[in-house]
Amino acid sequence: MTRRELERELDGLSKADKAAVVQRLALEIADAWPGIEQSRDIAGGAACLVRTRIPVWVLESYRRLGWSEARLLTNYPTLRALDLVQAWAYADVHGEEMDAAIAANEAA
């Protein structure tokens, strides 16, 4: 998609949706992800949800398998809906990282 095409798409968004896009872009540019942390001492350095130590790639692998958010929240009782929002934002931008972690897990 070209910048011009993207600008046309943005023109059709509500102010709230535009604000969400701006926030997402700011997080991506700053490489800052609220609710996501990485530490060599936790899950081998994988990006995890704070408070839970659940790697984002684990949740992303279930999402790719078609699990609903409701199912994830039921199966991971420590998760909150906001955790999933943060995980999806991170996973969507870090697709190659997610692919590599999922592939490594499947090969293990």
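**Exercise 1. Determine which backbone atom lies 3.4 Å from a polar atom of the side chain of Q86, and describe the surroundings of Q86.**

Solution. In this predicted model, the atom in question is the backbone oxygen of P34, found 3.4 Å from a polar atom of the Q86 side chain. Next, place the residue: Q86 belongs to helix α5. Then list its neighbours: setting aside residues up to four places away in sequence, Q86 touches P34, G35 and I36. Finally, consider accessibility: the relative accessible area of Q86 is 16%, so Q86 is buried.

**Exercise 2. Establish how α5 and α6 are oriented to each other, and which residues make the contact.**

Solution. Two packed helices are described by the angle between their axes and the distance between the axes. Helix α5 (residues 81-93) packs against α6 at about 95 degrees, and the axes are 5 Å apart. Angles of 65 to 115 degrees count as roughly perpendicular, and α5 is therefore roughly perpendicular to α6. On the α5 side the contact consists of Y90, A91, D92 and V93, and on the α6 side of G95, E97 and M98. Sorted by class, the residues of this contact are four nonpolar, one polar and two charged.

**Exercise 3. Carry out the analysis for helix α3 and helix α6.**

Solution. Helix α3 (residues 56-64) and helix α6 (residues 95-107) pack at an angle of about 85 degrees, their axes being 9 Å apart. The two helices are therefore roughly perpendicular to each other. From α3, the residues V56, W57, E60, S61 and R64 meet G95, M98, D99, A101, I102 and N105 of α6. The contact of α3 with α6 comprises five nonpolar, three polar and three charged residues.

**Exercise 4. State how many salt bridges the structure holds, and examine those of R63, E7 and D83.**

Solution. The structure holds seven salt bridges.

- R63 pairs with D92, with the closest N and O atoms 2.7 Å apart. This pair joins distant parts of the chain, since R63 is in helix α3 and D92 in helix α5, 29 residues apart. R63 is partly exposed at 27% relative accessibility, and D92 is partly exposed at 45%. Both residues also belong to a salt-bridge network of E60, R63, R64, D92 and D99.
- E7 pairs with R3 at 3.1 Å between the closest N and O atoms. The two residues are four apart in helix α1 (residues 3-11), and so about one helical turn separates them. E7 is partly exposed at 37%, whereas R3 is exposed at 65%.
- D83 pairs with R80 at 3.6 Å between the closest N and O atoms. D83 is buried at 0% relative accessible area, while R80 is partly exposed at 42% relative accessibility.

How values were computed. Residues are numbered from 1 along each chain as its sequence is written. This is a predicted model: local features need pLDDT of at least 70, side-chain atom pairs count only at pLDDT 80 or more; totals for chains, interfaces and linings use all residues. Side-chain values use heavy atoms; hydrogens and water are left out. Axes are lines fitted to C-alpha atoms, for helices over the stretch in contact, and angles run from 0 to 180 degrees between N-to-C directions. Angles under 35 degrees count as roughly parallel, over 145 as roughly antiparallel, 65 to 115 as roughly perpendicular and the rest as oblique. Contact means heavy atoms within 4.5 Å. Ala, Val, Leu, Ile, Met, Phe, Trp, Tyr, Cys and Pro count as nonpolar, Asp, Glu, Lys and Arg as charged, and the others, Gly among them, as polar. Buried means under 20% relative accessible area, exposed over 50%, partly exposed in between (1.4 Å probe, protein chains only). A polar contact is a pair of N or O atoms within 3.5 Å; within protein, one must be able to donate a hydrogen and the other to accept it, and residues adjacent in sequence count only if both atoms are side-chain atoms. A salt bridge is a side-chain nitrogen of Lys or Arg within 4 Å of a carboxyl oxygen of Asp or Glu.
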